[in-house]
Amino acid sequence: MNLSDESILIVDDVSENIQVALNVLKPIGISFSFAMSGKEALNVIKNKRPSLILLDIIMPEMDGYEVCRILKNDILYNDIPIIFLTAKSNVNDLVKGFEYGGIDFIAKPFQKKELFIRVKTHLQNYLSQNKIKYHLNNLIQEQQKLQLFALQQSKIASIGEMMLSISHQWKQPLSAISLGAINVKVKELLKENPDKLLLNNLNMIEEQIKFMVDTMHDFSNFFKPDKDKSHFSLMQSSYELINLFSSHFTNKSVTIDLEFENGHDFKIFGYENLYKQALINIILNAVDEIEKKCSANKNILIKCYKDDKYGVISITNYAGQIPKLDIDKIFDKFFTTKGENGTGIGLSMAKQIIEELGEGKLLVKNIDCGVTFTIKLPIK
Ligand SMILES: Nc1ncnc2c1ncn2[C@@H]1O[C@H](COP(=O)(O)OP(=O)(O)O)[C@@H](O)[C@H]1O
Ligand SMILES: [Mg+2]
């Protein structure tokens, strides 16, 4: 039993009784607090929550039953075990004590051995129950986190499937348009004086169709769940992602600078699509911030460099700092400052992807006039 943070409260209006109990219980090795009335006991409990209370029943003003009733109705304290100390020993009194929520009785004058054993047993029970509760809570939280992540991932996968089926449906009409353009082009080229403007336009149609097909293909890939970890190029992966969302950035007049220190690329061993999803969540938040604050500086700077055994990607925007009160909660799930427009899932998912699945680190810090997120991924 680790008793360093635990204490027992002894409540009795006769100080000699407190002294006797204290002498008997000292060998348990726990700290003690005392109160000589019901009111004082409630104050002491508010200051430091005890792990067990020895409570005299007969006291002036507020008796032990009343103290017990108040505590059992208070969600903060209703699990603390209460042992009544009593000179009374008729059955009705015992029943009343149990009804109020007491866990045991010890008769006065104390049988020293009995006092010691009863208190120690109840204390041990209470502490081991707390330990179980604590582990159970952790397990439940862990489980909820996993469920949320699985839910998000299955949503993302279903977007991928939807895109794939759109691209299948579009294949036929797009090939028909492309073929039509080629037929007209061939016919025009066979003429003695082909119309240059028409040929230019036909070439443009072909290029645009290729662009549409490629984009559909890239987006479906982006939303596909990673099967296994693989070696991927940080440079290629980051460029692909930024190109994929380029029209979104252009629409919002945001520019992205991607810099690799000395032009060096790194090979990361991990889940490539998950990495892209984490990165895009961070970038889209930066875009949101630039838009919300109507920031004069609409640039997002992404730097990649090596730090020991990590490949580091820092993402900086200059749309002002994150308020001190928010920055500690920023990775909590459901934390958002965007009201209806936010879900508060983006960064908690990014954190889980980078730290739990990627064995890396995701950090945030305020800088002059802006914010830097840092992703560290192990180079293998
Ligand atoms: N670059 C940033 N600058 C300032 N605040 C940010 C930035 N990125 C994230 N935040 C804050 O973190 C919160 C949580 O982000 P996120 O988990 O992606 O959820 P959401 O975008 O749905 O709000 C945002 O609501 C915002 O307040
Ligand atoms: Mg977000």
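**Notebook: a sheet, its helices and ligand 1**

I began with the sheet, and I found that five strands form an open sheet with mixed pairing, in the order β7-β9-β10-β12-β11. I noted that β7 (255-260) and β11 (361-367) are the edge strands, since each of them pairs on one side only. From one strand to the next, I read an average twist of 15°. I keep in mind throughout that this is a predicted model.

As a reminder to myself, I wrote down that the strands of a sheet pair through backbone hydrogen bonds, either parallel or antiparallel. I then asked which way strands β9 and β10 run, and how many bridges join them. Strand β9, which covers residues 299-307, runs antiparallel to strand β10, which covers residues 310-317, and eight bridges join the two. To follow one of these pairings by eye, I looked up Leu301, and I found that its bridge partner in β10 is Thr316.

Next I looked at what lies on the sheet. Helix α9 lies across β9, β10 and β12 (370-378), and its direction is at about 15° to β10. Helix α11, made of residues 346-357, also packs on the sheet, where it touches β11 and β12, and its direction makes about 125° with that of β11.

I turned then to the packing of helix α7 (residues 234-244) against helix α9 (residues 272-292), whose axes are 10 Å apart and meet at an angle of about 55°. I call α7 oblique to α9 because of this angle, and I recorded their crossing as right-handed. Which residues make the contact? On the side of α7 they are Ser237, Ser238 and Leu241, while α9 brings Glu272, Tyr275, Lys276, Leu279 and Ile280. Sorted by class, the contact of α7 with α9 has four nonpolar residues, two polar ones and two charged ones.

My last entry concerns ligand 1, which is surrounded by 20 residues, the closest being Asn285, Thr336, Gly342, Gly346 and Leu347. I wanted to know which helix gives the most to this shell. The answer is α9, which gives four residues, and I also noted that α9 and α11 each supply at least two residues of the shell. By class, I counted seven nonpolar, ten polar and three charged residues in the shell around ligand 1.

Looking back over my entries, I see that α9 recurs: it lies across three strands, β9, β10 and β12, it packs with α7, and it contributes to the shell around ligand 1.

Notes
Residues numbered from 1 in each chain as written. Chains lettered and ligands numbered in written order. Predicted model: local features only at pLDDT ≥ 70, side-chain atom pairs only at ≥ 80, totals over all residues. Axes fitted to C-alpha atoms, helices over the stretch in contact; angles between N-to-C directions. Parallel < 35°, antiparallel > 145°, perpendicular 65-115°, else oblique. Left-handed = near helix turned anticlockwise from the far one by under 90°. Contact = placed C-beta atoms within 7 Å. Nonpolar A, V, L, I, M, F, W, Y, C, P; charged D, E, K, R; others polar. Pairing = 2+ DSSP bridges. Near = placed C-beta within 6 Å.
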